[in-house]
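Hi everyone, thanks for making room for me on the agenda. Please have a look at what is on the screen, and then I'll walk you through it.

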Amino acid sequence: TTAEGKDLKYAYSVYKDGKLFQKIPYSSKKELAYKLTKSGDYRVRVYVKAGKEKAVAKSTELVKVTKS
């Protein structure tokens, strides 16, 4: 999915096993690289906003991680 507009800001919420695991505050970074170090079911929710407008959110598909 792509976002269009001027001065877009992005924030991310990482969920592990259905619970909020980490919040990443708004910045201009439109991509997230996140190292998964523990087994679990992960999903990321991204929030995008332009200026003071209301954020729009979208979630990724569930990603199952198995670490041995």
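Let me start with a question for the room: is glycine 5 buried or exposed? Glycine 5 counts as exposed, because its relative accessibility is 58%. For these labels, buried means under 20% relative accessible area, exposed means over 50%, and partly exposed is in between, with a 1.4 Å probe and protein chains only.

A word on the ground rules. This is a predicted model, with residues numbered from 1 along each chain as its sequence is written, and local features need pLDDT of at least 70, while side-chain atom pairs count only at pLDDT 80 or more. Totals for chains, interfaces and linings use all residues, and side-chain values use heavy atoms, leaving out hydrogens and water.

Now the overall picture. The protein chain has five strands and zero helices, so, reading from the N terminus, you get β-β-β-β-β. Here helices (H or I, at least four residues) and strands (E, at least two) are DSSP runs, numbered from the N terminus. Along the principal axes, the C-alpha atoms fill a box of roughly 45 × 20 × 20 Å. Of the 68 residues in the protein chain, 16% are buried. Among contacts with a separation of 6 or more, 39% join residues 24 or more positions apart; contact means heavy atoms within 4.5 Å.

For those of you who like surfaces and charges, the accessible surface of the protein chain is about 5700 Å², and carbon and sulfur atoms account for 51% of that. That area comes from the Shrake-Rupley method with a 1.4 Å probe. There are 17 positive and 7 negative side chains, and the centres of the two sets lie 7 Å apart. In that count Lys and Arg are positive and Asp and Glu negative, with His and the chain ends not counted. The place of each charge is NZ of Lys, CZ of Arg, CG of Asp or CD of Glu.

Back to glycine 5. Glycine 5 lies in the segment before β1. Its C-alpha is 8.9 Å from that of lysine 49, although the two are 44 residues apart in sequence. Lysine 49 has something else to show us: its charged end sits over the ring of tyrosine 26, 4.4 Å from the ring centre. The rule there is NZ of Lys or CZ of Arg within 6 Å of the ring centre and within 35 degrees of the ring normal.

Staying with rings, how many aromatic pairs are there? The count comes to one. Rings of Phe, Tyr and Trp (its six-membered ring) pair if their centres lie within 6.5 Å; planes under 30 degrees apart are stacked, over 60 edge-to-face, and the rest tilted. The partners are phenylalanine 21 and tyrosine 42, and the pair is edge-to-face because their planes are at 85°, with the centres 6.3 Å apart. Phenylalanine 21 is in strand β2 (residues 19–27) and tyrosine 42 in strand β3 (residues 40–50), so the pair ties together parts 21 residues apart in sequence. Phenylalanine 21 is partly exposed at 43% relative accessible area, whereas tyrosine 42 is buried at 4%.

Another buried residue is serine 13, at 5% relative accessibility. Serine 13 is in strand β1 (residues 8–16). Leaving aside residues up to four places away in sequence, serine 13 touches Leu20, Gln22, Lys23, Arg43, Val44, Arg45 and Tyr47.

Tyr47 turns up again with valine 56, which touches Val46, Tyr47 and Val48, with the same sequence neighbours left out. Valine 56 is in strand β4 (residues 56–59) and is exposed, at 57% relative accessible area.

Finally, some backbone angles for you. Aspartate 7, in the segment before β1, has a phi near 55°, a positive value in a residue other than glycine. Aspartate 17 also has a positive phi, about 55°, and is in the loop between β1 and β2. Aspartate 7 is exposed at 62% relative accessibility, while aspartate 17 is partly exposed at 44%.

That's my tour, and I'm happy to take questions.
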